[in-house]
Structure formats: C-alpha cells, structure tokens
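This report describes selected local features of a single chain. It treats two helices and their packing, followed by three individual residues.

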Amino acid sequence: MNVCTLTHTYPRFPDDINAPFVEHLMEHIARQDNDVSVLTAYDPAWNRSPGDHTVDLRTYRYIWPDSLHILGYSRTIEGNVRFRKRVLMLSPFLFAGAYRAFLGLVREKKPDVIHAHWILPNGFVAAGVSRKTGVPLLIQLHGSDVFVAEKNALYRRMARRAAEQAHCILSPSPDLTRRLGNIGVDTAKITLVPNTVEADFAKNVTQDDVASLRHRLGIPENAVIILAMGRMVHVKGFMFLLDAFHRIAPDAPDAVLVLAGGGILYDELKKRAGELVIRNRVIMPGAVMRDEVPVYFAMADMFVVPSIRHESGAVDGLPVVVPEAMAAGLPVIGSDLSGIPVLVRNGVNGILVPERDADGLARAMLRLSRESETRRLYGERSQRLIRDRINYESVAVYISNLYKLIGGKVLSPGSIPTYDLSMPD
C-alpha cells in the first residue's frame, strides 16, 4: 500500500526524545511492504540524513523566520496543561502550511491511504486533503490532541469534522474514546490500539552497562531500585510518588527511587524530596537520552507510573514508558487511569491503584520491594505480553491490514477488526 502520513512532531535527529514512537511505528509499517511518506513540521533543530531512515521523510515550513517554528515538539502545551503564548497566533500558519504541503505530497504520491497522527492539528488538516482528493483517512490519537479538542467550541468542531471524514480512528485508551464521544464523535469509528515498543527493547543491554550506570548514579549494590521516568509535568503525578516513597522509606531501608526526566517541575520535585527528608534516597538524573533508556529499565526492579488527571482535564493516553518497562521484564505499578489498565492487569503483571493515592502507591511499592518472586512473575508476564501480542511489528501488521480495508473502501463503522489484547498463556 502507498501511504502518506502527516504529523507535526517527529524525531529531529537520531535519538531525539520527541515522538520516537511515531517514527518507530511508521518505519515498521514501511517494512510490511508499504510505501510510506512522512511529512512533519520543520524545526530549527532538524538534522536528519538520508541514511538514518527508510521512509520518504519530508518537512514543511509554515512561518518566517525559521526561529518562529515553535509549534509541536513538546513545546505547544506548557507542562501538558495550558497553551504557550504565541500558539494561538501561529496556529493558523501551521494549519495553512501543513494543508498546502500535504496536499502537494498526496497529489504527487497518489496514496491509497492517508494516516494522520493526532486528531488536532493533523487529523483536521488531513481530513481537508482527504475530502479534496478522495483518499481515505485513518487518524491515530495520542492523548494531548483530545485535550486540545476539549478546550473550546472551535476545536471541538474541528475534531468532529476530522472524525467525520476518517474511516477509522485508533485510540491508545478507552478514556480517550469516551472523551471524543462526549464531544460528538462517532465512537463506532474508534478502535483500541495501544502504544507499544520493540519486542526486544532491552536485549542489547549488558551487565557492564547496568553496573556502569549504577556506579554513576551512586546506587548501592544491594539496593531495590524503584524507577519512574517521564517529563516532569503535572499529569505524571510524580509529587504523589515522592509522598508515597516517603511513607515506605523507614520500612524499606534498601529501596532507592530513581526519578528520571527533565521538565518544568524538576526543581520543584527536587525541593519536595528535600522537604520530605528523602533526598539522599531519591536520585534525579534529569533527562535521559534515548539510547540509555533501556539501561535504566534493565537496572530497575520495578517501574511506577503514577499518572493523574489534571484539573485542566489533561491526562496521558498511554505513556510509552509503560510498554518499555514491560518489554524490559519489569512489574509495573500504575494509576488505574486512562490507557494504563490496557497493558497493566492488576494482580497479573502489575498493581493498579487509584490516581492521587499516595497510600496505595506506598503499599504497592512496599509489597514488591519485599516480594522478589512476585516481581519476577509479574515481570515475566509483562515481557510475554509485549513479545507475543503488543509490539511494533504486531501493531504494524494490524495497521497494514486496516490500510487494505480502508483503501479498498470495505471498512465501515462497527466493522473494524479489534486488536488482540489478551494475555498469552
């Protein structure tokens, strides 16, 4: 199949931490005998070479001078909860530039299917191109786009227009599906496809890699390592994690919390750890480069994802760190929220707790810190689920089959094949 993809965020250079999941997915889709072209917004940090990708990768400019290209790439929504200044002013230029460039690409490539990442802005732009050219459309949600769609009447209308044109919408969580339904989108068009990872995500990590990282971070050899990772923003719920770790610190003297990532709340979280008098047992290394992420997971004994729904309505869809941790064979403690329960099954491969429940997080961490056999069992089940069911290759095969149905115009709402999310035997 010939596929044209529109996004506004894509890795700008090798190991960029911005939207590697989009690149990995589209590269895997290209390996399924698909001719894939990807169009993304230009960024001043763009530094890709022909040899570092297999898709037809292009950028478009939407403003002059280049320094004003500030939309996308984790800069549009400040702290995941509010629009940055100048966003509303620049947005019309992004929409116009994307439409013009993507229409040109579709006319040049004559694809069988259009694939848009994020319903806003790209789903709306791609829907206009789909109407203009007659090429069927698939939209893939990622979470922040639904938050944007809920913000005002104009964005709700734009999201509905995009969804009306789409033949199929992929959602990483039932929560995002419900929220789109609440603003008038036909949920019969939406099917659940989780965010995922390479099946062999951490296979190349060596014991020397792990030992080197432990030494650099100053972690004792006998420590039980509790890992959390992500951008330091409100929806990640890291404040509740610090409060929970404070509760278990006296009863789990060997436990160490590694809180990895950078962002607007980094200094505030570091200060909070000091106030709780746990600073000597909370390691905050800052942002982690993509090539070192698997080493952090290989080093850890468990992974915690304490996501919350912010007062603004912002919430993660399904953080990519969840399948990454599972692929590395870690048990996961997570909030019973949004897309996390899609992969983390309570008492099977992890523990789910209510959001903002520091006591619940504390009990779960204390239990797993003491039960090494439970950690091993949950970790093995997590790894098997990723290896056998939910990995880039499996998702790419599923989406490629959808392309054939959509391109053949035989797919209708209610007839979309479901993705197999069952736990392997």
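Contact here means that heavy atoms lie within 4.5 Å. The structure is a predicted model. On the contact criterion, and not counting residues up to four places away in sequence, D209 touches N204 and V295. D209 is part of helix α7, which covers residues 207-217. Because its relative accessibility is 34%, D209 counts as partly exposed. Its C-alpha atom is separated by 25 Å from that of D52, and the two residues are 157 residues apart along the chain.

**Two helices and their buried faces**

The table sets out the dimensions of α5 and α14.

| Helix | Number of residues | First to last C-alpha | Expected at 1.5 Å a residue |
|---|---|---|---|
| α5 (residues 153-165) | 13 residues | 19 Å | 18 Å |
| α14 (residues 372-388) | 17 residues | 24 Å | 24 Å |

For α5, the span is close to the expected value. The buried residues of this helix are Y155, M158, A159, A162 and A163. Viewed down the axis of α5, these buried residues fall within an arc of 135 degrees, so they line one face of the helix. L154, R157 and E164, on the other side of α5, are exposed. The N-terminal end of α5 is capped by N152, of which a side-chain oxygen lies 3.1 Å from the backbone nitrogen of L154. L154 thus appears both in this cap and among the exposed residues of α5.

The span of α14 is likewise close to its expected value. Buried positions in α14 are T374, R375, Y378, G379, S382, L385 and I386. Seen down the axis of α14, the buried residues fall within an arc of 125 degrees, and therefore they line one face of the helix. The elements that cover these buried residues include the strands β10 (224-229), β13 (302-305) and β15 (350-353), together with the helices α11 (321-327), α12 (340-343) and α13.

**Packing of α13 against α14**

How are α13 and α14 oriented where they pack? Helix α13 (residues 358-370) and helix α14 (residues 372-388) meet at an angle of about 100 degrees, and their axes are 5 Å apart. Angles of 65 to 115 degrees count as roughly perpendicular, so α13 is roughly perpendicular to α14. On the α13 side, the contact is made by R367, L368, S369 and R370; on the α14 side, by S372, T374, R375 and Y378. Of these, T374, R375 and Y378 are also buried residues of α14.

**A loop residue beside α14**

G347 is located in the loop between α12 and β15. With its neighbours within four places in sequence left aside, G347 is in contact with Y378 and R381. G347 and Y378 are 31 residues apart in sequence, and their C-alpha atoms are 8.1 Å apart in space. At 39% relative accessibility, G347 counts as partly exposed.

**A buried threonine**

Is T7 buried or exposed? Its relative accessibility is 0%, and therefore T7 counts as buried. T7 lies in the loop between β1 (2-6) and α1 (20-31). A polar atom of the T7 side chain lies 2.9 Å from the backbone oxygen of T9. Apart from neighbours within four places in sequence, T7 is in contact with V38, L39, T40, A41, Y60, H117, W118 and N122.

Terms used
Residues are numbered from 1 along each chain as its sequence is written. This is a predicted model: local features need pLDDT of at least 70, side-chain atom pairs count only at pLDDT 80 or more; totals for chains, interfaces and linings use all residues. Side-chain values use heavy atoms; hydrogens and water are left out. Helices (H or I, at least four residues) and strands (E, at least two) are DSSP runs, numbered from the N terminus. Buried means under 20% relative accessible area, exposed over 50%, partly exposed in between (1.4 Å probe, protein chains only). A polar contact is a pair of N or O atoms within 3.5 Å; within protein, one must be able to donate a hydrogen and the other to accept it, and residues adjacent in sequence count only if both atoms are side-chain atoms. The expected span of a helix is 1.5 Å times one less than its number of residues. The arc is that of the directions from the helix axis to the C-beta atoms. Axes are lines fitted to C-alpha atoms, for helices over the stretch in contact, and angles run from 0 to 180 degrees between N-to-C directions. Angles under 35 degrees count as roughly parallel, over 145 as roughly antiparallel, 65 to 115 as roughly perpendicular and the rest as oblique.
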